[in-house]
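Colleague: I'm new to this structure and would love a close look at just one part of it. Could you walk me through it once it is on the screen?

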Amino acid sequence: MALTRSQSGLDVVFDAGRTFFQQKLDQMRKAQAKRKVYRATYHELSTLTDRDLRDLGIPRSNIKRLAMEAAYGH
């Protein structure tokens, strides 16, 4: 004879809360990873000399936009 345990209303609420928390935590981790890509790209491009940027065909004024595209795809 197998014993089964039905979930009480409180257990259901706790499970829903955990699911919500996990979703928010995943969103925060993804946002943090994108921000890390943005910062790394921005830093690498901004440390290049004007000559290096010119050789790459990148105006210094486009560094922020390129970092945003690399991280967020905009």
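How many residues apart are Arg65 and Glu69 in helix α3, and about how many helical turns separate them?

Modeller: Happy to help, and please keep in mind that this is a predicted model. Arg65 and Glu69 are 4 residues apart in helix α3, which is about one helical turn. Their side chains form a salt bridge, with the closest N and O atoms 2.6 Å apart. In general, side chains of opposite charge can pair when their charged atoms come close. Arg65 is partly exposed, at a relative accessible area of 41%, and Glu69 is partly exposed too, at 34%.

Now look at the buried residues of this helix. α3 runs over residues 63–72, and its buried residues are Ile63, Ala67 and Ala71. These three lie on the same side of α3, because they cover an arc of only 60° around the axis. What covers them includes α1 (9–46) and α2 (50–56).

The surroundings of α3 are worth a glance as well. Just after the helix comes Gly73, which has a positive phi, near 75°. On the other side, in the loop between α2 and α3, you will find Arg60. Arg60 makes a salt bridge with Asp50, the closest N and O atoms being 2.8 Å apart. Asp50 belongs to helix α2, so this pair ties together parts that are 10 residues apart in sequence. Arg60 counts as partly exposed at 37% relative accessibility, and Asp50 is partly exposed with 48%. In total, the structure holds 4 salt bridges.

Key: Residues numbered from 1 in each chain as written. Predicted model: local features only at pLDDT ≥ 70, side-chain atom pairs only at ≥ 80, totals over all residues. Heavy atoms only, no water. Buried < 20%, exposed > 50% of the residue type's maximum accessible area, 1.4 Å probe, protein only. Helix = DSSP H or I, 4+ residues; strand = E, 2+ residues; numbered from the N terminus. Arc of directions from axis to C-beta. Contact = heavy atoms within 4.5 Å.
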